[in-house]
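I opened my notebook to look around a protein chain. Here is what I looked up, entry by entry.

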Amino acid sequence: MATIKDVAREANVSVGTASMALNGNPVVKMETRVHVLKVAERMGYTPNQCARFLVTKKRNVIGIIRSYLTREEDACRSGYRFYELPDTYLADMLDVIVSETTRLGYSLLLDVSNQGPGIESTLPPIAQPGRLDGIIWASGFMTQRQKEQLSQLAIPVVTIGSRFDCFDYVDTDPSEGMYQMAKYVLSKGHHNILFINGLSTTQTSARKLEGLRRAYQEAGLEFEDARIETAPFSGLGGYNAMKRLWEKGYRPSAVLTGLDVLAMGVIRFLHENGVHVPNDVSVTGYEDGMLAEYANPRLTTVCSKKAELGLQASRTLVNRIDNPNAQRVKLVIQPELIIRETVRQLH
């Protein structure tokens, strides 16, 4: 088995230069680095991770933790069924995270953290001292206990979708996204609006409510006149919320939702009851996941820029690992209104 000394000899460089080239040190010229990498690949060189750790104190392993809320029976998590929370959020950013962290020389470990009654909100098994160089927390909620435990690990943490002063974070702006959506729907002549938001335990739900309020105030409408419901993050959550109000005789002209899956649930209920979207009731989502483009009619929604979130979170975490004293990153990316086919103009 080839050693780093063999690679250095074959590449006609010093062992130190070979080591720096293989570790991506910017001190080494790009042509030298490429040359050393080609030689190492040709010789079948595999770095000794234990020896590397003793020198650099880095394992070159990043953990991704996805936190799920299981407080409602119809919002459990195990797949992509109607009564479950489909993880289009992480799925749409994971490819970018894998690509970027691999390019930067890191391997990934993925784990989940479930929260709910009877579930102890501790960190998952991968979050153990000495196991990871850093963590990407991909979720809009985190308990106080989990925040304290992450801080005690004393490794870099970047959160996606939730914001804490003690960690770097990257996020889109849910307030702006919902403001843009509400402004658009109001401009179409809809005033009898129902808003089905996600559970209030997430930071994003509170910010979406702020955006709705801003749109109402800007339009000169009383925010107290808005009909607001909350629902678990699942198709069934949206379905049941719509069903409860419909059976009480409430007939909105438009239904705004805090997540695409909630919108899918609303549309299913309306379809089962002979109500056409958007001719009878307009419906909007939030996220622009894989469901939105496949829906029939295609869903008007807000794009939360998940690929960009994954890219920036990866770069931010690796930079924090390499530069522990760097300035704290608080990056907020602007969302984008995606107009498709589920909102109609009222006469």
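What percentage of the 347 residues of the protein chain count as buried? I found that 52% do. I noted at the top of the page that this is a predicted model.

**Entry: the whole chain**

I looked up the helices and strands, and the protein chain has 12 of each. Next I checked the contacts between residues at least 6 apart in sequence: 69% of them join residues at least 24 apart. For the surface, I wrote down that the chain exposes about 16600 Å². Carbon and sulfur atoms supply 50% of that area.

**Entry: strand β8**

I picked strand β8, residues 254-257, and asked about its two faces. A reminder to myself: side chains in a regular strand alternate between the two faces of the sheet. In β8, Ala254 and Leu256 are on one side, while Val255 and Thr257 are on the other. All four are buried, so both faces of the strand are covered, by the cut-off of under 20% relative accessible area.

Which strands pair with β8? One is strand β6 (residues 193-197), which pairs with β8 in the parallel sense over four bridges. Here I found Phe195 with Leu256 of β8 as its bridge partner. Another is strand β9 (residues 282-284), which runs parallel to β8 and is joined to it by three bridges. In that pairing, Ala254 stands opposite Ser282 in β9.

I then followed the chain through helix α10 (residues 260-272): β8, α10 and β9 make a right-handed β-α-β unit.

**Entry: aromatic rings**

I remembered that a pair of aromatic rings is described by the distance of the centres and the angle of the planes. How many aromatic pairs are there? The count comes to four. One of them is Tyr216 with Phe223, an edge-to-face pair at 5.9 Å centre to centre with 85° between the planes. Tyr216 is buried at a relative accessible area of 2%, and Phe223 is buried at 10%.

Trp246 and Phe269 form an edge-to-face pair too, with 6.3 Å centre to centre and 75° between the planes. Trp246 lies in helix α9 (residues 235-247) and Phe269 in helix α10, so this pair ties together parts that are 23 residues apart in sequence. I checked the accessibility of each residue: Trp246 is buried at 14%, and Phe269 counts as buried at 3%. Tyr239 joins Trp246 and Phe269 in one aromatic cluster.

Trp246 turned up again when I looked for charges over rings. The charged end of Arg251 sits over the Trp246 ring, 3.9 Å from its centre. Likewise, the charged end of Arg214 sits over the ring of Tyr179, at 3.8 Å from the ring centre.

**Entry: backbone surprises in the loops**

Where are the cis peptide bonds I noted? One joins Val277 and Pro278, with omega about 10°. Pro278 lies in the loop between α10 and β9. Another joins Asn296 and Pro297, with omega about 5°, and Pro297 is in the loop between α11 and β10.

I also noted two residues with a positive phi that are not glycines. Glu287 has a phi of about 135° and lies in the loop between β9 and α11. Lys305 has a phi of about 55° and is found in the loop between β10 and α12. Are these two buried or partly exposed? Glu287 is buried, with a relative accessible area of 4%, whereas Lys305 is partly exposed at 27%.

Conventions
Residues numbered from 1 in each chain as written. Predicted model: local features only at pLDDT ≥ 70, side-chain atom pairs only at ≥ 80, totals over all residues. Heavy atoms only, no water. Buried < 20%, exposed > 50% of the residue type's maximum accessible area, 1.4 Å probe, protein only. Pairing = 2+ DSSP bridges. Right-handed = clockwise from strand over helix to strand, strands pointing away. Phe/Tyr/Trp six-rings, centres within 6.5 Å; stacked < 30°, edge-to-face > 60°. Lys NZ or Arg CZ within 6 Å of the ring centre and 35° of its normal. Contact = heavy atoms within 4.5 Å. Areas by Shrake-Rupley, 256 points an atom, 1.4 Å probe, with all protein chains shown as cover.
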